[in-house]
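Trainee: Could you take me through one part of this model up close, and then show me how it fits with what surrounds it? I am new to reading structures, so please explain the terms as you go.

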Amino acid sequence: MLMRKFVLSLFLLALVSSSFAQEAPIRTARRGDAAGYTSRDATVLSMFGWGVALAAGIALLCALLVEDKTGSTSH
Amino acid sequence: MKSILFLFPLFCWAAPICIFQPPPEWQPSQPKTLSEYVQIGFVTKGSTDFCPSINLATEAVDCSLKEYIKAVKEIHLSQSGTRWRDLGSIEMKAGQGRLTEITTTSPWGEVLMLQAILVKDKTAYLLTAATLKKDFVSRQKEILTSLGSLQFTDDLWSMVSDASVRMELASFYQSLGTGDQPDTQWKELQALVSKHGSALGGYWQFLALKEGYVKIYKNGKP
């Protein structure tokens, strides 16, 4: 059990590190970069997403919106 | 009449809104560690701690879908432990896109991702769904339906099928930002979107709330 937690922690650390390591190239993005990033993002969502989704429905959408009100547009 | 003609170019330049329907009951989620390409993500409870997810991303491009897919292939195949396959065309409401499959590993087992890609007006639109491979069969139908739901609309209200509801929403949105009780309007907006938006999906609701929020709190939330 302890070993499993250790392996899981290492995996998460590696995944997050690789995300940060690849933050810089966004400024000089290659064609197709979004596809690479979003497949990693899909994995991150799947691992952390449910923990973030503490509320449900409209309440959660509002929480995301208020956090992201200065964010990008949808298109 | 002159004022209408003056506004005409604005309507011509307004970019269409890209929208999709996540599977019903999936909850929105947006961890801060996601890349700037991701517009929104949705998750649902899985058989393990690894939840099925879907996210919408966009990227400015200067190439065709064929050239974009070629670049995507190179990127995925350069990552060790990742397998990539082109599954062919996918019919989306917005037009014909390309469906690809990415397989990778995780502590919970093999992860299977489906990525639907559409290139339109110098923008690549990507819907990426991830599940554990062992959960895929039970999720396949709702994921493929969601991937195919990607579409463009000039305004959010035209997607509301009931004409009276459409008019009610349009009229309510016109009134936003004019009163002196923004918090009351914000609550009314949430109730209205919750009442009429469930059939249009979580992303439509998010965009409808966002548009209203900006109008209500145009001078910033106190």
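**A close look at one helix**

Mentor: Let's begin with helix 2 of chain B, where B:Lys66 and B:Leu77 are exposed, on the other side from the buried residues we will meet shortly. A residue is exposed if 12 or fewer other C-beta atoms lie within 10 Å of its own, buried if there are 20 or more, and partly exposed in between, with C-beta atoms placed from the backbone. This is a predicted model, so local features need pLDDT of at least 70 and side-chain atom pairs count only at pLDDT 80 or more, while totals for chains, interfaces and linings use all residues. Residues are numbered from 1 along each chain as its sequence is written, and chains are lettered from A and ligands numbered from 1 in the order in which they are written.

Helix 2 of chain B runs over residues 65-77. Helices here are DSSP runs of H or I with at least four residues, strands are runs of E with at least two, and both are numbered from the N terminus. From first C-alpha to last, the 13 residues of helix 2 reach 18 Å, close to the 18 Å expected at 1.5 Å a residue; that expected span is 1.5 Å times one less than the number of residues.

Which residues of helix 2 of chain B are buried? They are B:Tyr68, B:Ile69, B:Val72 and B:His76. They cover an arc of only 100 degrees around the axis, so they sit on the same side of helix 2 of chain B. The arc is taken from the directions that run from the helix axis to the C-beta atoms. There is a handy rule behind such patterns: an α-helix has 3.6 residues a turn, so residues three or four places apart point the same way.

Now look at a neighbour of this helix. B:Ile117 touches B:Leu65, B:Tyr68, B:Ile69 and B:Val72, and among its other partners is A:Ala35 from chain A, leaving out residues up to four places away in sequence. Two residues are in contact if their C-beta atoms, placed from the backbone, lie within 7 Å.

B:Ile117 also belongs to the largest nonpolar core, which has 67 residues; B:Ile117, B:Leu127, B:Ala129 and B:Leu209 have the most contacts inside it. Such a core is a set of buried Ala, Val, Leu, Ile, Met, Phe, Trp, Tyr and Cys residues joined through C-beta atoms within 7 Å. Domain 1 (16-153) and domain 2 (157-216) of chain B both give residues to this core, so it lies between them. Domain bounds come from an automatic or database domain assignment.

B:Leu209 is one of the buried residues of helix 6 of chain B. In that helix 12 of the 15 residues are buried, so helix 6 is largely enclosed by the rest of the structure.

Finally, chain A. It has 3 helices and 0 strands, and 40 of its residues are in contact with 56 residues of chain B. Helix 2 of chain A gives the most to the side that touches chain B, with 18 residues. By class, that side of chain A has 23 nonpolar, 11 polar and 6 charged residues. Ala, Val, Leu, Ile, Met, Phe, Trp, Tyr, Cys and Pro count as nonpolar, Asp, Glu, Lys and Arg as charged, and the others, Gly among them, as polar.
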